[in-house]
Amino acid sequence: MQEPQSPNTDPLSTAGTRRGVYISTYGCQMNVNDTERMYTLLEMVNYEPVSRPEDAELIIINSCSVREKPVHKVHSEAGRYRKLKAKNPNLRIGVGGCVGQQEKGNLLEDVPVLDFVFGPDNIDNLPKIVQEMRDKNLRPVDAKFSHGEPYQIETLIRKPGVAAFVNITKGCDNFCTFCVVPFTRGRERSRSLKELIVDIQKLTLRGVKEVTLIGQNVNSYKSDCGANFGDLMSRVATDTDVERIRFTTPHPKDFNLDLAQIIQKHRNKIMEYMHLPAQSGNSEVLERMNRGYTREEYIEKARMLAREIPNCVFSTDLIVGFPGETEEQFEDTLTLLDEVPYESIYAFKYSSRPFTKAAKFTDQLDEVTKSERLTRLLAKHRSISFEVAKKYEQKILDVLVEDFQEKDSSCYGRSTGNKSVHFAGRRDLIGQTLPIRVTEAYPQVFYGELVES
Ligand code: SAH
Ligand code: SF4
Ligand code: F3S
């Protein structure tokens, strides 16, 4: 396991001078975790996280390239920092994350204000990259995949809260035809089960009560000892003191009865929230997307999960306006909402991504059609989501308290089914799982009151 170097013995540290570092984060949970890792590594070489770019001597844009104009977003954010650099010649600005991986040195050519670029596989080199850049006045680019090396990466969190993300896999081998991730995160790799158990147990000793196991396709997890995702979840449930286990994102094609039964068996620890990205409700579109399942197979899997895991809460990702999607095919996505009781959906307009197969499909749809379909899909789900919320009113949910707001003395936490719940409480309730009666329920948020025993 890679142990972080201690700040006192680290030859890279600039003794005595604390410099501010500001990181802006886009994209998925991997990037959220990567940002935390960057802050931790940089703290060891005397960088101090600051909450405003104005106070920083190092700014990192941790970028995402999964949808719509990601390169443009990096350009415009970097542009906003130009003035800061004019005022502070010591300021250095870098790009990490998936746009960094995708564009590499092009970014430095196109955006003169940038000083360095690195990819998601090179985060652990960050202290070295930054030091070299300053000492030798270089504009480094470090965006090579570490394909040959085992994937060992202890979770680094400066001050863990109640809930933590834990990477179990990186990369993706599925090559859905619309998706850039296999190109920005490389081939799929799993951490070893042994390493993960130690890592998670260490987090619990630092106060973590809930872990979300993350990866692009968590249920294709395969440890070097042969353990699969179900084995991993069972072991986390039985061999660590973690109270709650969540996971994201599972791929529908890799969900089977065994896994559903393992979740149900460990229901006291494994939460019943299932984010099951469908992408489309039409079998021909699904085939052109290379998703590996038909509409019928997807619906059957969701029904199997609902049967095996009673009260399971579903959510999904959907793409509208995939190349060649006809009105009838889009309507199949609309009617998927009648088949699977999604409590929330994340719907996106298809966006052409570099290197992907679908970018070369000749039957791309116009923006007006895509926008109109997105509006219709969201409108349909909106009416469903109010009905869904209503069914929770007066229900008592087990809420793990994550936060407390002084200004209105309110606690925030999530239910087992991943509902955000606010209620009047106290700071010392953080970390406790409490029965909360829902008094007002809206699609995105619930308000409730503590049920006194
Ligand atoms: N690994 C996850 C998803 C990762 S990307 C999975 O397989 O489900 C998160 C979501 O972004 C995807 O589920 C998809 O709905 C959306 N997405 C990915 N590429 C897209 C594209 N080119 N255009 C629009 N949406 C896209
Ligand atoms: Fe992208 Fe598909 Fe992999 Fe998800 S499973 S990251 S959508 S290629
Ligand atoms: Fe975005 Fe990369 Fe995550 S493209 S969604 S940050 S894997």
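Helices and strands here are DSSP runs, numbered from the N terminus. That is where the name α1 comes from, so keep it in mind. One more thing before we start: this is a predicted model.

Let's take the domains. The assignment gives three: domain 1 (19–142), domain 2 (148–271) and domain 3 (396–450). I'll spend most of my time on domain 1 and domain 2.

Their C-alpha centres lie 27 Å apart. In domain 1, 21 residues are in contact with 20 residues of domain 2. How much area is buried between domain 1 and domain 2? About 1,800 Å², with carbon and sulfur atoms giving 56% of that. On the domain 1 side, M30, N33 and R37 lose the most area to domain 2. Together those residues make up 35% of what that side buries. Between domain 1 and domain 2 we count 3 salt bridges.

Now the cavities. There are 3 of 30 Å³ or more. The largest cavity holds about 80 Å³ of space. Where does the largest cavity lie? Both domain 1 and domain 2 give residues to its lining, so the largest cavity lies between them. Here is the lining: N33, D34, R37, I153, E154, T155, L156, N167 and R191. N33 and R37 come up again here; we met them among the residues losing the most area to domain 2. Helix naming pays off now: α1 gives the most to this lining, with 3 residues. By type, the lining has 2 nonpolar, 3 polar and 4 charged residues.

Next, the second largest pocket. Its space is about 560 Å³. The lining has 27 residues, and the closest to the pocket centre are P120, D121, N122, S146 and K170. Two elements give two or more residues each: α1 (29–43) and β8 (169–170). Again α1 gives the most, with 3 residues. The lining divides into 7 nonpolar, 10 polar and 10 charged residues. Domain 1 and domain 2 each supply at least three residues. Look at D121 and K170 in particular. Their side chains meet in a salt bridge, 3.0 Å from N to O.

Last stop, the second largest cavity. Its space is about 40 Å³. Which helix gives the most to the lining of the second largest cavity? Helix α14, residues 367–390, with 3 residues. The full lining is E343, S385, V388, A389, Y392, K419, Y442, P443 and F446. That makes 6 nonpolar, 1 polar and 2 charged.

To close, one pointer for the viewer. Start at α1, which gives the most to the lining of the largest cavity and to that of the second largest pocket.

Conventions: Residues are numbered from 1 along each chain as its sequence is written. Chains are lettered from A and ligands numbered from 1 in the order in which they are written. This is a predicted model: local features need pLDDT of at least 70, side-chain atom pairs count only at pLDDT 80 or more; totals for chains, interfaces and linings use all residues. Side-chain values use heavy atoms; hydrogens and water are left out. On a 1 Å grid over the protein atoms alone, a cavity is a set of points where a 1.4 Å probe fits but cannot get out, and a pocket is an open set with protein on both sides within 12 Å along at least five of seven lines; lining residues have an atom within 4 Å of a point. Grid points are joined across faces, edges and corners, and a volume is the space filled by probe spheres set on the points. Helices (H or I, at least four residues) and strands (E, at least two) are DSSP runs, numbered from the N terminus. Ala, Val, Leu, Ile, Met, Phe, Trp, Tyr, Cys and Pro count as nonpolar, Asp, Glu, Lys and Arg as charged, and the others, Gly among them, as polar. Domain bounds come from an automatic or database domain assignment. Contact means heavy atoms within 4.5 Å. Buried area is the accessible area (1.4 Å probe) that two parts lose on being put together, summed over both. A salt bridge is a side-chain nitrogen of Lys or Arg within 4 Å of a carboxyl oxygen of Asp or Glu.
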